[in-house]
Amino acid sequence: FLLLLILLFTHPSFAQEERDLSFNLETKAHYGFIIPHRTGMKNLILGHVKALEVNYDIPTYGKKEWERLYNFPSWGLSWYFADLANPEQLGFATGIFPYINFHKIRKERFLFNYHLGWGMGYISKAFDRKENYKNTVIGSKLNAIIGLGMDAAWIISERVSASLGISLTHFSNGAFTVPNIGINIPAANLGISYHIGNTNKNFINDN
């Protein structure tokens, strides 16, 4: 919450009146599972993974050449929290990361997007030789988090949109500490987004 406030009040749009604040606040609910990609992981998977994602999303309108070149992507900061369905050996996972969201298809009331992000992650239950020796997938609490996904979004009104998509979230420490098999979480997600700021901005096209 504090980080969100910092972003709001340090956004460059505050510097000039003509660049007024405009962003999307998005929430996504994820439902997925941990992939047992190595022998010995199945005993750690006790149920489905339920996760929450909150995005501070900044749209682009073509003021810079790369924005027009990549069909006006949005970018921002994402917070992710997941219950790994094994409180004794895996606990919960959380992370915060910057991302970029590309609009592959853009229509008046429909968007098809794919996004990617990378940042800092945390696993509450890491491997311990005495206390948590069955957790052979993550050797440290501090990890990297990588988020990939795609979704279809429907624009309900000038401020509200809803989305349905799939994602893959990865936690790993890059073998800085072993074991480091990593945790891969594919999931389906359902999201709702609310636009705050000017809704009358026009895209700058360069034919």
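These legends go with a set of close-up views of a predicted model. Residues count from 1 along each chain as its sequence is written, and side-chain values use heavy atoms, with hydrogens and water left out. Since this is a predicted model, local features need pLDDT of at least 70 and side-chain atom pairs count only at pLDDT 80 or more, while totals for chains, interfaces and linings use all residues.

**View 1. The whole chain holds 2 helices and 8 strands.** Starting at the N terminus, the order reads α-β-β-α-β-β-β-β-β-β. Helices here are DSSP runs of H or I with at least four residues, strands are runs of E with at least two, and both are numbered from the N terminus. Of the 207 residues, 42% are buried (under 20% relative accessible area; exposed is over 50%, partly exposed is in between; 1.4 Å probe, protein chains only). Take the contacts with a separation of 6 or more, and 62% of them involve residues 24 or more positions apart; contact means heavy atoms within 4.5 Å. The chain exposes about 12000 Å², with carbon and sulfur atoms supplying 63% of that (Shrake-Rupley method, 1.4 Å probe; for residues, only the protein chains shown count as cover).

**View 2. Strands 3, 4 and 5 are linked by hairpins.** Strand 3 (residues 74-86) runs antiparallel to strand 4 (residues 91-106), pairing over 11 bridges; two strands pair if DSSP finds at least two bridges between them. This hairpin leaves 4 residues between its strands, and Phe81 has Thr94 of strand 4 as its bridge partner. Strand 4 also pairs with strand 5, again antiparallel and over 11 bridges. That second hairpin has 3 residues between its strands, and here Asn101 is bridged to His115 in strand 5.

**View 3. Lys28 and Asp151 form a salt bridge.** A search of the whole structure turns up 1 salt bridge, meaning a side-chain nitrogen of Lys or Arg within 4 Å of a carboxyl oxygen of Asp or Glu. In the Lys28-Asp151 pair, the closest N and O atoms are 3.2 Å apart. Lys28 sits in strand 1 (residues 22-32) and Asp151 in strand 6 (residues 142-155), so the pair ties together parts that are 123 residues apart in sequence. Lys28 is buried at a relative accessible area of 3%, and Asp151 is buried too, at 5%.

**View 4. Asp57 is buried without a salt bridge.** Look for Asp57 in strand 2 (residues 49-59). The nearest side chain of opposite charge belongs to Lys28, 8.6 Å away (Lys and Arg count as positive, Asp and Glu as negative; His and the chain ends are not counted). What Asp57 does have is a side-chain to side-chain polar contact with Tyr99, at 2.6 Å. A polar contact is a pair of N or O atoms within 3.5 Å; within protein, one must be able to donate a hydrogen and the other to accept it, and residues adjacent in sequence count only if both atoms are side-chain atoms. Setting aside neighbours within four places in sequence, Asp57 touches Phe23, Asn24, Ser74, Trp75 and Tyr99.

**View 5. Phe112 is a partly exposed residue in strand 5 (residues 110-123).** Its relative accessible area comes to 26%. Beyond neighbours within four places in sequence, Phe112 is in contact with Phe102, His103, Lys104, Ile105, Met150, Asp151 and Ala152. Leu164 is 52 residues from Phe112 in sequence, with 9.9 Å between their C-alpha atoms.
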